[in-house]
Amino acid sequence: MDYQWDFSGLWQYRGLFLQGLAYTIGFTILTIVSGIVVGTVFALARLSGWKIVTIPIMVVVELFRCTPVLVQLVWCYYALPMLIGIEIAPATAAFITLTMYGAAFYAEIVRGGIVSIDAGQWDAGRAIGMRRGQLMAKIILPQALRRMVPPLVNQSVLQLKNTSLLSVLAVPDLLYQGQLVTSAIYRPLETYTLIAFIYLAVLFPTTRLAHWLEGRRT
Amino acid sequence: MTGKAQTANGADPMIEVVGLKKSFGALHVLKDINLSVPRGHVVAMIGPSGSGKSTLLRSLNLLSLPDAGCITIGGHRMDFSMGRVSMRDRDLAAFRAGTGMVFQNFNLFPHMSVIDNVMIGPVSVLKQDKATARAQATELLAKVGLAARADARPEQLSGGQKQRVAIARALAMKPEVMLFDEATSALDPALVGEVLAVIRQLAEQGMTMILVTHEMAFARDVADTVIFMQDGFVVETGDARQVINEPREAATRDFLSHFHGGLS
């Protein structure tokens, strides 16, 4: 092993890496928000108990939970346009897929958090005349949210890492830019090492922050 | 002096229950319950566990929806005689708002301070402004002896204190009727007295109340009427002293024989 590591050639591409990082973080934040919104809607719909909504939602959730994201991304970009007759831009396909993939997991986290709240809390809210929506918003969700923080953070960390798959659709995220740089300077080992460090540098403080937040709230 | 002082002669029923039925699957928990409680009256419901007394209490507040029958509280009527119609959330909530309920396990909202627990009903249901609600909540906490704990969190309180906050929370809705579901059963014996004192005070002020309780001496002293339930039926109902001291029915006698220690 006498490989000569040489990171010097990477500096000139710092603009590309930064741009890629911006895409990665932008996509992550967008799809965490959209995923949690859709997931919460799924969870509340499932808790309504109406079979006409719960069954289709369960099908969708299981479909996205039980297939790999990479397969979903490729399918959404190449096969979905054939079905619906509308061409989809790579970024749109990526957004839809990551939103739905995240939503499938967020839905279970939100639902689990809600059902873990003691039935006595519902009784107490109803007994003072609160309506279902008020009870959910003021009594149940604030308590459930606290319990949901750790799994939500875990899922969101995965969400960021999953954005690396966007490169297969030529969405210029961090990994895609890395591939570009590699093909320019033929230094794949250095490039991917740097990329791994960038992911680590973003995620490690994030998980620490989440850990601290969690400790502070309980 | 107890609630007996305000006892009317039954001319003005605050609570009227007719033909109430409730099943959980094949299990008939309430079988044709009829009940009339005059304004200002205190009723104690006693009976073995599984007799249906808690389900009856929860039905009165529609936390458990009856299958048949009719409930009237303070002139508001809920009719289940057409079978199990799906009632609208808004109507159920409006009906419940007029009745206060206190639970065995307190069910305080753990993510709110004591005073917020008391204020949330008036603020979010009655749309009171916060200053008014706060003033009223402060007054109610003083009434149950917890003015100093307004800013505490529920987990910092003893069981007896929690239950007194729960009573204040129910009273904040200015209910016409208070329902107590084994309000002292989860408490250390040493803490039962402080909760019973608050309930007794409410009785003296003429609050119409139904208590499901295992405190026989308290039922005898504070209630006007005692109802003995067994297997989903009202077996015996009558003057509190008479039912507890000289029950007419063999089943009541048999049940009360387990409580002699508590009746001294």
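This is a short tour of some salt bridges and the largest pocket in a predicted model.

**Stop 1: a link between two helices**

Start with chain A and select A:Arg46 and A:Glu108. These two form a salt bridge, and their closest N and O atoms are 3.0 Å apart. Now colour the helices they sit in. A:Arg46 belongs to helix 1 (residues 14–48) of chain A and A:Glu108 to helix 4 (residues 90–115) of chain A, so this pair ties together parts that lie 62 residues apart in sequence.

**Stop 2: a pair within one helix**

Stay in chain A and pick A:Glu62 and A:Arg65. Their side chains meet in a salt bridge, at 3.1 Å from N to O. How many residues apart are A:Glu62 and A:Arg65 in helix 2? They are three residues apart, about one turn of the helix, and helix 2 covers residues 51–65 of chain A. Switch on a surface if you like: A:Glu62 has 34% relative accessibility, so it counts as partly exposed. A:Arg65 is partly exposed too, at 33%.

**Stop 3: over to chain B**

Next, select B:Arg220 and B:Asp221. Here is another salt bridge, with the closest N and O atoms 3.2 Å apart. Is B:Arg220 buried or exposed? At 12% relative accessibility B:Arg220 counts as buried, because the cut-off for that is under 20%. B:Asp221, at 22%, counts as partly exposed.

Then go back to chain A and add one more residue to your first pair. A:Arg46, A:Glu108 and A:Arg111 are joined into one network by salt bridges that share partners. If you'd like to keep hunting, a search of the whole structure finds 12 salt bridges over all chains.

**Stop 4: the largest pocket**

Time to look at some empty space. The largest pocket holds about 430 Å³. To find its middle, select A:Ile32, A:Ile36, A:Leu152, A:Val153 and A:Ser156, which lie nearest the centre among the 21 residues of the lining.

Which helix of chain A gives the most to this lining? That's helix 6, with eight residues. Show residues 132–162 to see helix 6, then add helix 1 and helix 8 (188–217) of chain A; each of these three helices supplies at least two lining residues.

Finally, colour the lining by residue type. You'll count 17 nonpolar residues and four polar ones, with no charged residues in the lining of this pocket.

Conventions. Residues are numbered from 1 along each chain as its sequence is written. Chains are lettered from A and ligands numbered from 1 in the order in which they are written. This is a predicted model: local features need pLDDT of at least 70, side-chain atom pairs count only at pLDDT 80 or more; totals for chains, interfaces and linings use all residues. Side-chain values use heavy atoms; hydrogens and water are left out. A salt bridge is a side-chain nitrogen of Lys or Arg within 4 Å of a carboxyl oxygen of Asp or Glu. Helices (H or I, at least four residues) and strands (E, at least two) are DSSP runs, numbered from the N terminus. Buried means under 20% relative accessible area, exposed over 50%, partly exposed in between (1.4 Å probe, protein chains only). On a 1 Å grid over the protein atoms alone, a cavity is a set of points where a 1.4 Å probe fits but cannot get out, and a pocket is an open set with protein on both sides within 12 Å along at least five of seven lines; lining residues have an atom within 4 Å of a point. Grid points are joined across faces, edges and corners, and a volume is the space filled by probe spheres set on the points. Ala, Val, Leu, Ile, Met, Phe, Trp, Tyr, Cys and Pro count as nonpolar, Asp, Glu, Lys and Arg as charged, and the others, Gly among them, as polar.
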